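I opened a fresh page to look at a few places in this model and to write down what I found. My plan was to begin with an annotated site and then move on to a sheet.

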2 protein chains.
Amino acid sequence: MLGMIWVRACSALVGFRAPTCVRSLHSFPGITVAQIDEEVAKLLELKAQLGDDGKTQFVLKTPKGTRDYNPKQMAIREKVFNTIIRCFKRHGAETIDTPVFELKETLTGKYGEDSKLIYDLKDQGGELLSLRYDLTVPFARYLAMNKITNIKRYHIAKVYRRDNPAMTRGRYREFYQCDFDIAGQYDAMIPDAECLKIVHEILNELDLGDFRIKVNDRRILDGMFAVCGVPDDKFRTICSTVDKLDKMSWEDVKKEMVNEKGLSEEAADQIGEYVSMQGGMDLAERLLQDHKMSQSKQACAGLSDIKLLFKYLQLFHVTDKVVFDLSLARGLDYYTGVIYEAVLTQASAVSAANEAQNGANAEESVSVGSVAGGGRYDGLVGMFDPKGRRVPCVGVSIGIERIFSIMEQKAEASPEKVRTTEVQIMVASAQKNLLEERLQLISELWNAGIKAEVMYKKNPKLLSQLQYCEEAGIPLVAILGEQELKDGVVKLRVVATREEV
Amino acid sequence: MLGMIWVRACSALVGFRAPTCVRSLHSFPGITVAQIDEEVAKLLELKAQLGDDGKTQFVLKTPKGTRDYNPKQMAIREKVFNTIIRCFKRHGAETIDTPVFELKETLTGKYGEDSKLIYDLKDQGGELLSLRYDLTVPFARYLAMNKITNIKRYHIAKVYRRDNPAMTRGRYREFYQCDFDIAGQYDAMIPDAECLKIVHEILNELDLGDFRIKVNDRRILDGMFAVCGVPDDKFRTICSTVDKLDKMSWEDVKKEMVNEKGLSEEAADQIGEYVSMQGGMDLAERLLQDHKMSQSKQACAGLSDIKLLFKYLQLFHVTDKVVFDLSLARGLDYYTGVIYEAVLTQASAVSAANEAQNGANAEESVSVGSVAGGGRYDGLVGMFDPKGRRVPCVGVSIGIERIFSIMEQKAEASPEKVRTTEVQIMVASAQKNLLEERLQLISELWNAGIKAEVMYKKNPKLLSQLQYCEEAGIPLVAILGEQELKDGVVKLRVVATREEV
């Protein structure tokens, strides 16, 4: 009997090969979502059982594309986070947190082609869920859901992408984003300028070497495409080809435009002229006079805003690092105005120094690249609002994983040891049978707010207690001895100098 | 043609009803895991399409059992975390982080019946993954994977359980755990005592009202079951019935033991006598002399350790809050020695005060309950080690969500406003056309490390700038005016008193 059912199931499994046409069968009587759920569960159970046979070996690892942080890495991470949070707080930002997963439909239609990189949760009954892909979409959902029209917030949390990253370059499937965003209807370019000031402050304070902040505007790009004769329906795809200019030569980019995307050679050449332009306020000025560019209203709006932005950036004294770069395009669909990206220009020096130290570990060095990026997205919140009410937003995301990698390399290259605890004093004993006295003393220290450790042994050797201090970088030891206890004193020893009081 | 295939698929779906017997069919030719995957994908796609018809409405919400944290909640959360982290650091703990998901097999066989509450990720090709259920199993995996035999670490992170929690009681499907654990082969009860000292310090500092820390030992429970005549194979199930004593009366617990679990009435009554016992070191002493209890070697080992534990707790001056309670059982399977749990004994007072304020919101009050728990688990790391090497561990987990709920209620009941930013000064203007001057001044303040805000308007009204300060609790305003600029000074105003300098 069972065999027969199985044969029927299998023949169906083999025969059932037309999922795309299924829509026309909605009215088929007797099949419900619940039934499908049940059958799916059974099949997966069967699969799990089949799978068991194959591999009996237990693999001790973290999932692909993820990693643990050990205490040393955490100490570096904490330092970086503190610098960034201090800056966000200095600029008056509040912070929020959102769940690690969202309803699947919340993420649908926000990431274009990259949607295939979203992690879905298994359908275990109930809602269909996905892990968050960035912090911007949950932020927009939060604003729409709570009808918030004005907020300046930061959010530091992990996001998830089923990418195939080169992990040695500091890219992972689980990674942190540090986002700062300003939502609200304000006068042009004031919050935008503050975002760039923040990037400038953070990269300066983290001391990662020299950097450049490239600035452009989606309206300038679109206007440029229009006046160069790119058909409307090709704006987006040509834009993502332009985005590759930081990794590909202009020749290859042009080839992609002409051969793959079907653009005319003439249009491509015109684009090529523009995207090679870099400058400051003067370039914006010049392009506003440009015979062709000035034909596009959109481009002119963008160029005027770039001028205004540079004016504010001058007041903030950050124009030394900012460059108006017409080749900057940014991947994400939702940007509507100013866009920017910060790149380290000296990271190669760090890598090179590190490679020299570590030998031929060339692949493991951190590649120079974008460490911050963002822009204006005035339409995203409206996508969530039932009435489509817009909340203009501008924000920046600090690419913290690359920064970690660089800081880790720097720490490794440095002779200084990274401490993973903040312990100030070790309570030790010079003789046996002083456990109770040690516990009593350390309890007093803890109650006084002093960071202190004691060895969890009844009779530890003095030498091993001192060795522990040296390894952990604990600066002081309180040494208990019979004589000192009689005298009612404690001997205090500075580990580094062996000085005793 | 399509219709025919569909009929075959459906008849199979209806007919295929014997998953439990499927194991015998492993050798069925022509069905592979890949094929099952493919068919499952098709069925789920079909389901998604069926589902689309039902609901066209987009739902703006967070997933069931989860919540956003708004800036006010985050401010409270930060305060609580800082208190806890300060304590963990005072005790010399390092910190680590692990991925939010683990290989599914890492979690398999660790949580007993609760395994059904684990969130699985969808099989999108590649590894089978699950969201972490607690921080203890990832910690054990980390130790085994990195061959670490000694560490004192804390880990604060979110964990995931597909529970059906009463959310008004501060329970969620996504919630924080704050874990402190000591791994290593040490002399008995020294690290265990430190864990209890930590709970004592944290609950004191958080000022949540009076509390009790109940202590017991799995070996005492097992010994007790043995001498009361519980069959070996029923230890675990009887143990989980005893665990319900904090929610059920002894009568009901006894009923479950006898009627559902098939224990003899006599054995149940004997257990009943023991589990009503509470005390301190004296009770451990007495039970060591107990005619029946002393027959169990295991129980005696546990009782001796409880005595030793109390000795150390006396040195730490925390015995006022600690009680040896034979009814404490703890749910998790992996405990092997001392176990403990802290409960608030005054939380009802907070709730009552809050209810009085908010009217009849009785359901929304926070229930009294466990706010910390933990114990010794000497076998868990060995489950991950290929050679089964044991790393003894003891730890404690602070139940932070309940603490948040209480703190939130306290904050709401308090007349003091929770500030969500730390801004010290607002740069304002008394007249029009002073945007540039405001931006210049705030840039100087930021560069000097001062937390400052400016309104993102060209010409904001002075009144609206002052109102913003009052709402956000910003203590100072720097007011720019034509006259002051000429004189080269800035007027500084204290918002609360309107004093000006």
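The entries below follow the order in which I looked things up.

Entry 1, ground rules. I worked from a predicted model, in which local features need pLDDT of at least 70 and side-chain atom pairs count only at pLDDT 80 or more, while totals for chains, interfaces and linings use all residues. Residues are numbered from 1 along each chain as its sequence is written, chains are lettered from A and ligands numbered from 1 in the order in which they are written, and side-chain values use heavy atoms, with hydrogens and water left out.

Entry 2, the annotated site. I found that an unreviewed UniProt entry places a "binding site" at several positions, including Leu135(A) and Arg330(A); such annotations may be inferred rather than shown by experiment, feature names are shortened, and positions are given in the numbering used here.

Entry 3, Leu135(A). I located Leu135(A) in the loop between strand E3 (129–131) and helix H5 (136–145) of chain A, where helices (H or I, at least four residues) and strands (E, at least two) are DSSP runs numbered from the N terminus. Leu135(A) counts as buried because its relative accessibility is 0%; buried means under 20% relative accessible area, exposed over 50%, and partly exposed in between, with a 1.4 Å probe and protein chains only.

Entry 4, Arg330(A). I placed Arg330(A) in the loop between strand E8 (322–325) and strand E9 (338–344) of chain A, and I noted that Arg330(A) is buried too, at 16%.

Entry 5, chain B. I traced nine strands forming an open sheet with mixed pairing, where two strands pair if DSSP finds at least two bridges between them.
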